[in-house]
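This briefing is meant to be read beside the sequence and the coordinates. It starts from a single loop residue and then turns to the surface, the core and the chain as a whole.

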Amino acid sequence: IEDENFRLRNGYKVYEEWIRNSIGEDNKFFAIQLSEKNDIKGFILFKIDCHSAVLELVKLNEQYRGEGVCSKLIREIENYVIYRGVGDIHVGTQINNIAAINLYHKLGYKEISRTSVYHWWLNK
């Protein structure tokens, strides 16, 4: 969200491709919450490797903000991975995504590191 060129260069397509490439992978899973009308309230793409899980992509339908959708999805994932013998769950977010950081802290997650991702755009 800090890269002003992200939307201009259709950077969101990275997420579409990420999802597309994850479908059918043995170690990747989706947790999805549906509304009564079968709208997707939100989803989390996560992977399990050996004894850890990574929440890769968290997406909330804005009209369901404030309903605890992400909290519920994360708790379901926690139960699922514990059942499978996974001991650690990792999640990343942008440093200025205060709502997500507060949610993860509220759910008991601790910050262990900070990294930065930079975009390099080819001039076309």
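Leaving aside neighbours within four places in sequence, N61 is in contact with I40, K41 and G42. The model in which these contacts are found is predicted. N61 itself is found in the loop between strand 3 (52–60) and helix 3 (69–83), and the points below begin with that loop.

**Two loop residues**

- N61 and K41 are 20 residues apart in sequence, yet their C-alpha atoms are 5.2 Å apart in space.
- N61 counts as partly exposed because its relative accessible area is 28%, a value between the 20% and 50% limits that bound this class.
- S35 is found in another loop, the one between strand 1 and strand 2, and, when neighbours within four places in sequence are left aside, S35 is in contact with K41 and Y64.
- S35 has a relative accessible area of 6% and is therefore buried, since buried means under 20%.
- K41 thus appears in the contacts of N61 and also in those of S35.

**A nonpolar patch on the surface**

- I23, F30, I32, L34 and I40 form a nonpolar patch on the surface, and together these residues have about 460 Å² of accessible area.
- Strand 1 (residues 28–34) gives the most to this patch, with 3 residues.
- I32, one of the patch residues, lies in strand 1 and is partly exposed, with a relative accessible area of 46%.
- I40, also a member of the patch, is among the residues in contact with N61.

**The largest nonpolar core**

- In soluble globular proteins, nonpolar side chains tend to be buried together.
- The largest nonpolar core in this model has 21 residues, of which F46, I48, I74, I77 and V81 touch the most other members.
- Strand 1, strand 2 (40–49), strand 3, helix 3 and helix 4 (98–106) each supply at least two residues of this core, and the largest share, 6 residues, comes from helix 3.
- When residues up to four places away in sequence are not counted, I48 touches N27, F29, A53, Y80, V81, R84 and V86.

**Helix 3**

- In helix 3, the buried residues are V69, C70, S71, L73, I74, I77, E78 and V81, a list in which the polar residues S71 and E78 also appear.
- These buried residues of helix 3 pack against strand 1, strand 2, strand 3, strand 4 (88–91) and helix 4.
- At 1.5 Å a residue, the 15 residues of helix 3 should span 21 Å, and this agrees with the end C-alpha atoms, which are 21 Å apart.
- Helix 3 is followed by G85, whose phi is positive, near 85 degrees.

**The chain as a whole**

- The chain has 4 helices and 4 strands, and from the N terminus on its elements run α-α-β-β-β-α-β-α.
- The C-alpha atoms fill a box of roughly 50 × 35 × 30 Å, taken along the principal axes.
- Of the 124 residues of the chain, 27% count as buried, while the chain exposes about 9300 Å², with carbon and sulfur atoms supplying 52% of that area.
- Among contacts between residues at least 6 apart in sequence, 50% join residues at least 24 apart.

Terms used
Residues are numbered from 1 along each chain as its sequence is written. This is a predicted model: local features need pLDDT of at least 70, side-chain atom pairs count only at pLDDT 80 or more; totals for chains, interfaces and linings use all residues. Side-chain values use heavy atoms; hydrogens and water are left out. Buried means under 20% relative accessible area, exposed over 50%, partly exposed in between (1.4 Å probe, protein chains only). Contact means heavy atoms within 4.5 Å. Patches are made of residues with over 30% relative accessible area and no salt bridge: like charges are joined within 9 Å, nonpolar side chains (Val, Leu, Ile, Met, Phe, Trp, Tyr) within 5 Å. Accessible areas come from the Shrake-Rupley method with a 1.4 Å probe; for residues, only the protein chains shown count as cover. A salt bridge is a side-chain nitrogen of Lys or Arg within 4 Å of a carboxyl oxygen of Asp or Glu. A nonpolar core is a set of buried Ala, Val, Leu, Ile, Met, Phe, Trp, Tyr and Cys residues joined through side-chain atoms within 4.5 Å. The expected span of a helix is 1.5 Å times one less than its number of residues.
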